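Student: I should like to go through this model and ask, for several of its labels, what justifies them.

Tutor: Please have the sequence and the structure before you, and begin when ready.

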Amino acid sequence: MTVAVGRSVARSDGEAKVRGVADYGVDVVLPGMCHGALWRAPVPSARVVSIDAEAARRVPGVLAVLTGADVENRPTGISLCDQPLFAWPLVRYEGEPVAAVAAETVEALEESLGLLRVELAETPAVADLASALAPDAPLVHPDWASYASLSGAQWPRERNVVCELFSDTGGVDQAFSSAAHVVEDTYRADRQYQASLEPHVAVAEYGAGRFTLHVAHQFPFNVRDRVASALGVRPSEVRVVGHHIGGGFGAKLDVSLEPYAALLARAVGRPVRMENGRSEDLMTAQCRENAVVTIRSALSESGELLACDFDVVFDSGAYAIDAPYLASMPMFAVGSIYRVGQARVRCRAVYTNSSPTGAFRGVSGTYLVFAVERHLDHIARELGLDRRELRLRHLRRSGEKMLNGQTLADADILRECFDRAEELAPFSSLGKGPYRGVGMAACVWLTNPLAGSAVVKLNEDGTVGLVTAATDNGSGAVTMGLRQIAAEELGVDALDVVISMPDTDVSGYDAGSQGSRTTRVVGMAVKAAAERVRERALAVAADHLEISPADLELAAGSVQVRGAPSRRLQLAEVAKLAAAHGGPITGAGSYSTPMPAYAPTCATGLLFPVFPTPTYHLHVAEVEVDPSTGNVRVLRYIVVQEVGRVVNPTGVVGQIQGGVAQGLGYALWEWLALEGGRYRQRTFESYGLPLSVDVPRVEVVTLEHPDPESPYGAKGVAEPPVVPVAAAVANAVSDAIGAEINCIPILPEAVLDALASQDGAGARGVHLSRGGAGAEAGGA
C-alpha cells in the first residue's frame with residue numbers, strides 16, 4: 001500500500017494561488033527599484049542609419065539609455081551564435097530591440113521612448129517560406145557562414161536555410177514507380193502563441209560584481225548561462241531566483257527581457273524591473289512555428305503503404321533559436337506509429353524577417369501528426385478503405401524500429417490504445433447525423449531526457465525539505481509529483497514535504513520544465529536523494545535503539561522496529577539526534593535518461609536523434625459543423641494515454657484536459673498570421689483563444705505500463721495531450737463535410753470554402769481566404 005504515490009494529493013502551492021498571495025514574477029518589488037523598457041523596431045527589415053538619444057536622456061527621471069553602440073553587442077544563441085542583444089546595424093524582425101531605457105517612473109520611461117530618434121533605412125523583407133528559399137532571395141543573415149555552433153556540432157545549412165535534415169532508406173523511387181496508387185497532399189499550419197496570462201517579466205539587480213535576476217521562468221539555469229554569455233561574464237556571476245510562473249508552455253524556456261534588465265541594472269546601480277505589454281509579448285514571444293508539409297505515399301492495390309516521401313519546411317523566424325534541433329522531429333512523425341515502407345524525409349528550417357519561433361508544448365509534433373493523420377484519412381477515402389482498419393493494419397509492433405533505428409520495445413501498447421477507445425465508444429457509432437463527423441489520431445511521444453538534480457533534507461521537526469531548480473510552471477510536476485515521490489520514499493505525509501523555490505546559487509543544475517521531464521527525470525533524482533536520507537535515518541535510529549538497520553522501517557513519520565511498531569522514534573527525534581552527532585541528515589541525487597541505441601548514420605543533420613521513454617496515445621473527436629456559419633462544435637473528445645504509472649490521478653487528468661483545450665485552440669480558433677513578415681493579430685481579442693464553453697469534457701482513459709527505469713514507473717504526461725488534437729479534429733471536420741481540410745487553424749471561412757467547393761460554386765481555395773498566412777506557405 002502506497003503512502004503518497006497514486007493518490008490525488010493537493011498541490012503545495014494551491015492554497016496560496018487560490019487566495020492570491022503567491023508571488024509571481026510580476027509581483028516582485030525591490031527597494032529602490034526603477035523601470036525599464038525596450039524601443040522595438042517598427043519594421044521587419046531595415047538598416048539602422050543612426051540613433052539620436054540625447055533628447056531621451058534629458059527627460060527628468062531617465063537614468064540610462066543603451067543601444068548597440070553602447071555595449072559589446074556580441075551574438076549569442078541556443079544553437080547558433082546569430083542573435084545580438086540589439087538590432088545594430090541590422091533590424092531582422094518587427095519588435096526587435098533597438099534601445100533600452102531605464103527611468104524612475106513609468107511616465108518618464110514612456111516619454112523617453114517617444115523622444116528616441118531612430119533613422120531606419122528599410123530593406124526588402126524575406127516575408128515567407130517561399131521567398132526564403134528562392135535562389136535570389138535577400139539574405140536575412142549576410143554573415144551566416146561565420147556563425148559558430150554553440151555545441152560544436154555541425155549540420156547542413158546555407159543562405160536562408162538555418163538547417164536541413166535528410167534521411168533516405170533507399171528504394172523510395174522504385175516503390176513509387178511500381179505502386180498501384182500514389183496519394184499526395186500538402187498541409188499548412190500557422191503559428192500559435194503560448195498566451196500565458198503572465199507576460200514575460202524580469203527584475204534585475206547588480207552589486208559586488210554579481211547580477212541577481214528575479215524571474216518567472218521555466219529554465220533558471222538557461223537564464224543564468226544565456227545572460228552570462230550575452231554580458232560576457234562567468235555564469236557564476238549571475239544568480240537567478242525563481243518565482244511562481246503564470247504560465248509558460250515553452251515561451252519561458254529561453255531568455256527574453258532578462259539580459260536587458262541586467263544591463264540596465266549595472267548601468268544605473270539600482271534594481272530594474274521590465275515587463276512586456278500584451279501586444280509586445282504576443283509580437284515577440286518565441287511562438288510555435290508556421291510550416292508546410294508535403295507527403296507523397298506509394299500504395300499497393302490493397303492499400304499497403306510501400307513508401308513515403310515526407311518534406312517539411314518551417315519558419316525559424318529571424319534567428320535560429322532551437323530550429324536545428326526541431327528539424328529532427330519529422331524523423332519521429334513518419335514511421336513511428338505506422339509502418340510506411342521505404343521512406344525519404346527532408347526538413348528545412350529557414351530564416352525569415354519575422355519574430356523568431358521556438359519551443360511550444362509538443363514542439364513541432366502538432367502539425368507533423370496533423371499531416372500524417374490527415375494523409376491517412378485521405379488515403380482511406382481515395383481507396384475506399386475503413387479509416388480505423390487502415391491504421392490497425394499498419395500499426396507498429398513491439399520490437400520494430402523507427403526510422404532512426406531506435407527500437408520501440410513496447411509498441412504493442414498502441415493496439416491497446418485503439419482497443420480501449422473502441423470499448424468506450426465504437427468508432428463506427430460516432431459522427432452520425434447531418435454535418436457530424438468523427439476523427440482519430442495517434443502518436444508516440446518522448447519524455448525529455450535532460451539532466452536534473454535534487455537535495456532532500458530531514459528537518460528537525462520531522463518534515464522533509466526538498467531543494468531543486470526544477471520549476472513548476474503550473475503542471476504540478478513539482479508541487480505534486482516530486483513531493484509525492486519524496487513522501488513515498490520516506491514514509492511521510494506529502495503535506496510534510498516542503499519545497500524551496502528555484503535558486504541557481506543554492507540548487508544543483510536542472511534542465512527546466514520542458515518535455516514532461518520533471519516527474520520522470522527529476523523524480524529519479526529526488527528518489528535517489530530520499531533513499532540516501534532513508535539510509536542515514538535508519539542508521540541513526542539503529543544506533544540509538546541498539547538494533548540492526550535491517551530490522552527497521554520508515555512509516556507514518558517515524559522509524560519503527562519491524563514487527564514491533566511500538567518501538568519507534570519519531571523522525572523529528574532522529575533528525576535532532578543526527579544534528580547533534582554527525583550533522584544534519586541530507587541526501588543529494590541527480591539523473592539523466594540514458595540515450596537509447598539508434599543508427600547515427602540514418603540521417604544528416606540529426607541533432608535530436610532519439611525519443612527516450614516513449615509514451616503512446618490515441619485521440620478520438622466527434623464534431624458538428626454549422627453549414628451556414630462554418631463554425632465547428634466539438635461534441636465529444638476521448639483520450640487514451642499511456643502514462644507509465646499515475647502518480648497523482650487529479651493532476652494527470654488535469655494536464656490531459658489542459659493539453660486538449662490548448663490543442664483545440666490551435667485547431668479551431670488561435671490564429672497568428674503573417675503578412676509581409678508582420679503579425680496581423682496584436683491582441684487576445686483578435687488572436688482568438690477558446691472559451692470554457694468551447695471545450696467539452698474530455699473522457700480520459702489512462703493506461704499504466706510502469707517503466708522500471710522511472711520513479712515508481714511514472715513517465716511523462718503533460719506535453720503529449722496537445723499533439724494529436726488538431727489531427728483528430730481536422731479528420732472529424734473533413735468527415736462531417738465530405739471535403740479535405742488541410743490547414744491549421746480550421747477557420748469558419750475555410751470550412752465554408754470547402755463546402756462551396758463541394759457544390760462547385762465559389763471555390764476560392766481554402767488558403768486564399770486566409771490572407772498572408774496562406775500566401776506565405778503556398779509557394780514553399
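Student: Which residue in strand 24 is the bridge partner of Ser558?

Tutor: The partner of Ser558 is Gln570 in strand 24. Please bear in mind that the model is predicted.

Student: What makes strand 23 and strand 24 a pair?

Tutor: Two strands pair if there are at least two bridges between them. Strand 23, residues 558-561, and strand 24 have four bridges, so the criterion of at least two is met and they count as paired. Their pairing is antiparallel.

Student: In what order do the strands of this sheet lie, and is the sheet open or closed?

Tutor: The sheet is open, and its three strands follow the order 22-23-24 with antiparallel pairing.

Student: Why are strand 22 and strand 24 said to stand at the edges?

Tutor: Strand 22 (552-555) and strand 24 (564-570) each have a single partner strand, so one side of each lacks a neighbour in the sheet. From one strand to the next, the twist averages 35 degrees.

Student: Which strands does helix 15 touch, so that it is said to pack on the sheet?

Tutor: Helix 15, residues 518-545, touches strand 22, strand 23 and strand 24. Contact requires heavy atoms within 4.5 Å. The direction of helix 15 makes about 120 degrees with that of strand 22. Helix 16, residues 571-580, also packs on the sheet and touches strand 22, strand 23 and strand 24; its direction makes about 50 degrees with that of strand 24.

Student: Why is Ala195 called buried?

Tutor: Buried means under 20% relative accessible area. Ala195 has 12% relative accessibility, so it counts as buried. Ala195 lies in the loop between strand 8 (181-189) and strand 9 (201-207), and has a positive phi of about 55 degrees although it is not a glycine.

Student: How do you know whether Thr613 is buried or exposed?

Tutor: The relative accessibility of Thr613 is 10%, which is under 20%, and therefore Thr613 counts as buried. Thr613 is not a glycine, yet its phi is positive, at about 45 degrees. Its place is the loop between strand 25 (585-591) and strand 26 (615-625).

Student: Is the peptide bond from Trp88 to Pro89 cis or trans, and what is its omega?

Tutor: That bond is cis, with omega near 10 degrees. Pro89 is in the loop between strand 3 (62-67) and strand 4 (90-91). The bond from Ile744 to Pro745 is also cis, with omega near 0 degrees, and Pro745 lies in the loop between strand 31 (743-744) and helix 20 (748-759).

Definitions and conventions
Residues numbered from 1 in each chain as written. Predicted model: local features only at pLDDT ≥ 70, side-chain atom pairs only at ≥ 80, totals over all residues. Heavy atoms only, no water. Helix = DSSP H or I, 4+ residues; strand = E, 2+ residues; numbered from the N terminus. Buried < 20%, exposed > 50% of the residue type's maximum accessible area, 1.4 Å probe, protein only. Axes fitted to C-alpha atoms, helices over the stretch in contact; angles between N-to-C directions.
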